[in-house]
Amino acid sequence: MSKEDRIFDIFNILLIVIISLLVIYPLYFIVIASISDPNLIYSGKVWFFPKEITFEGYERIFRDSKIWIGYKNSIIYTVIGTIVNVALTLMAAYALSRKDLYGRNALMFVLMFTMFFSGGLIPTYLVVKDLGLLNTMWAMILPKAVAVWNVIVAKSFFENTIPNELLEAAKIEGCSNTKFFMKIVLPLSKPIVAVMVLFYAVGNWNSYFDALIYLNNENLYPLQLILRNILIQNEAATQMVRDVGSLAAQQRISELIKYGVIIIASVPLLIVYPFVQKYFVKGVMIGGVKG
Amino acid sequence: MKAQIDIPGKPARQIYSIKRRKTWSKILVNYELYLLLLPALIYFVVFSYIPMYGVLIAFKDFIATEGILGSPWVGFKHFETFFHSFQFWSLIKNTLGLSTFQLIIGFPLPIMLALMLNQVRSEKYKRFVQTVVYAPHFISIVVLVGMISVFFSDNGLVNNLITIFGGKPISFMAQPEWFQPLYIGSGVWQETGWAAVIYLAALAGVSPELHEAAIMDGANKWQRILHIDIPAIMPTAVILLVLSVGNIMNIGFEKAYLLQTPLNQPTAEIIPTYVYKLGLQQAQYSLATAVGLFNAVINIILLIAVNKFAKKLSGQSLW
């Protein structure tokens with residue numbers, strides 16, 4: 001290896017290490033800050049390790065019922081929403097992947113067009129309102145039941161992995177299209193099912209916008225909306241610290257609660273993420289092939 | 001008709017369709033596929049196409065009891081109101097400014113990261129770095145903005161760091177000039193790693209023989225990146241660039257809205273947040289729809305123009 005290449009490698013590795021640290025440090029800091037004495041964080045004494053470990057923040061969070069209602073709602077919306085999302089997407093994608101589907105291009109255009117033009121916020125809101133979905137669970141699920149991009153990804157997966165001969169053979173055996181889809185295509189398509197479940201589940205878990213516009217009943221709020229009130233609007237946090245004496249102390253403890261809440265909200269994703277990362281990457285790549 | 005379909009085996013059906021050559025038979029043969037497609041199609045009609053029809057209220061004075069059809073036509077009144085409003089130019093400037101800066105800064109970084117990662121030879125180390133840099137992508141916008149607000153608060157991590165180095169604390173969240181850097185910086189932190197995935201995939205497709213031949217000719221790593229790797233990811237980059245330029249007015253509502261404070265409005269108010277406030281908080285349905293439509297039309301014009309331009313220049317295009 002030439003001298004130039006060795007210098008290149010050293011710089012490259014160094015830069016990558018710095019980038020990784022820049023990405024990981026904020027996340028790490030949240031973890032240590034959530035269990036450190038808020039006064040020490042406030043005065044800038046916590047940098048690399050937690051100091052004066054306290055679980056007061058978490059205790060207050062666990063005592064607050066709103067967060068847990070939000071958690072429950074988010075789980076419900078994510079599970080039901082993802083089932084609807086994946087079922088509709090795979091069914092549509094399979095039908096569109098079949099070359100013998102009459103009017104395939106026209107149907108594809110009907111879907112693709114919505115990627116580039118939409119009615120916009122207000123007309124969509126009016127539709128949801130007219131259907132009587134406001135303030136119901138279904139407002140969290142139906143308005144984003146299918147994502148066009150995911151249909152394209154799944155469609156190109158089917159096109160590339162289900163050989164035409166298989167379909168021909170099944171047809172000769174007298175197998176119907178539905179049976180073929182359920183009994184042969186789906187079992188062969190586990191990777192794309194995993195990809196779709198993950199893409200949609202993360203999207204559902206993380207979304208707050210639909211809840212913001214379609215819900216105004218606190219008992220239906222998903223976790224993200226509760227988080228917004230705590231983290232950004234400082235609402236709920238002040239309620240959780242009412243018993244604390246001085247205003248300054250209240251403020252510091254509500255900061256502590258914020259760190260804890262960030263951790264609690266991210267725990268489900270942080271736990272599964274390392275195991276499922278490869279499926280996400282696979283999904284991007286399947287989509288990327290077709291572009 | 002159903003009897004026709006249930007005849008087992010393909011030949012009978014083929015003969016049938018050749019004989020009649022009727023559209024109907026082609027559809028009926030695969031009626032189950034249409035049934036599979038139906039739920040998604042209903043979804044798109046209800047939640048995408050009916051709202052497109054609902055855009056008509058931009059040209060009407062929408063009265064809820066009269067419905068979309070019954071409300072009186074007013075032509076371009078709402079568009080004129082918007083064009084003449086004192087916020088018009090600042091909204092355009094904020095929206096375009098934010099997305100342009102985001103594109104200029106956010107677009108090249110994933111390419112650079114992918115090129116760098118591609119040069120790492122230890123697979124284990126590479127995978128570890130990838131796991132780290134992809135992680136922020138999965139954090140929700142709410143949590144991201146929550147992190148920004150704790151890190152950049154008056155006594156947050158960043159200001160503590162500034163004080164250590166003898167600087168003066170800055171009220172990041174309250175100053176209009178800090179809105180764009182915070183928005184774009186946090187976007188870079190969150191998305192650069194994930195956006196590199198697609199380039200890494202393109203780089204993985206480069207034939208090793210090309211590199212071997214180049215090494216034989218005495219090319220160093222830097223030269224090989226310039227002359228092999230970059231040309232290899234060009235097609236992907238062009239398509240992604242077309243998509244992002246075409247979406248330049250489509251900057252997300254979600255993060256901007258959360259990052260807004262009463263004090264940073266002069267730079268933080270962008271068209272999507274304005275539409276939300278106008279429409280859903282003040283119930284000015286028609287005016288808000290007009291503003292949204294204006295935005296969508298500019299977007300689609302941009303997309304078509306950029307796509308044409310890219311097609312001419314590099315032969316790459318979306319359609």
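## A tour of helix contacts in chains A and B

Begin by selecting B:Ile271, B:Tyr274, B:Val275, B:Leu278 and B:Gly279 in helix H17(B), together with B:Tyr285, B:Leu287, B:Ala288, B:Val291, B:Gly292 and B:Asn295 in helix H18(B), for these are the residues through which the two helices meet. Keep in mind throughout that the model on your screen is a predicted one. Counted by class, the contact of H17(B) with H18(B) comprises eight nonpolar and three polar residues, with no charged residue among them.

Now widen the selection to residues 271–281 of chain B for H17 and residues 285–314 of chain B for H18, whose axes come within 8 Å and cross at roughly 165°. Because of that angle, H17(B) counts as roughly antiparallel to H18(B), and the crossing of these helices is left-handed.

Next, stay in chain B and select helix H12, residues 179–204, along with helix H8, residues 108–118; here the axes come within 7 Å and cross at roughly 55°. H8(B) is therefore oblique to H12(B), and their crossing is right-handed. To see where they touch, pick out B:Leu109, B:Pro110, B:Ile111, B:Leu113, B:Ala114, B:Leu117 and B:Asn118 on H8(B), and on H12(B) select B:Val188, B:Thr192, B:Gly193, B:Ala195, B:Ala196, B:Tyr199, B:Leu200 and B:Leu203. This contact of H8(B) with H12(B) holds 12 nonpolar residues and three polar ones, and no charged residues.

Leave H12(B) selected and go to B:Glu191, on which a kink of about 45° in this helix is centred. As for its length, the 26 residues of H12(B), at 1.5 Å a residue, should span 38 Å, and the end C-alpha atoms are indeed 38 Å apart, so the two values agree.

From here, bring chain A into view and select its helix H1, residues 3–33, with helix H9 of chain B, residues 123–134; the pair packs at an angle of about 35°, and the axes are 9 Å apart. The crossing of H1(A) and H9(B) is left-handed. On the H1(A) side the contact is made by A:Ile16, A:Ile19, A:Ser20, A:Val23 and A:Ile24, while H9(B) contributes B:Val129, B:Val132 and B:Val133. By class, the contact between H1(A) and H9(B) has seven nonpolar residues, one polar residue and no charged residues.

Finally, show both chains in full and consider how they touch as a whole: 77 residues of chain A are in contact with 75 residues of chain B. On the chain A side, select helix H14, residues 247–290, which supplies the largest share of the residues touching chain B, namely 14. Colouring that side of chain A by class should give you 50 nonpolar, 19 polar and eight charged residues.

Methods
Residues are numbered from 1 along each chain as its sequence is written. Chains are lettered from A and ligands numbered from 1 in the order in which they are written. This is a predicted model: local features need pLDDT of at least 70, side-chain atom pairs count only at pLDDT 80 or more; totals for chains, interfaces and linings use all residues. Axes are lines fitted to C-alpha atoms, for helices over the stretch in contact, and angles run from 0 to 180 degrees between N-to-C directions. Helices (H or I, at least four residues) and strands (E, at least two) are DSSP runs, numbered from the N terminus. Angles under 35 degrees count as roughly parallel, over 145 as roughly antiparallel, 65 to 115 as roughly perpendicular and the rest as oblique. A crossing is left-handed if the near helix is turned anticlockwise from the far one by less than a right angle, and right-handed if clockwise. Two residues are in contact if their C-beta atoms, placed from the backbone, lie within 7 Å. Ala, Val, Leu, Ile, Met, Phe, Trp, Tyr, Cys and Pro count as nonpolar, Asp, Glu, Lys and Arg as charged, and the others, Gly among them, as polar. The expected span of a helix is 1.5 Å times one less than its number of residues. The bend at a residue is the angle between axes fitted to the seven residues ending there and the seven starting there.
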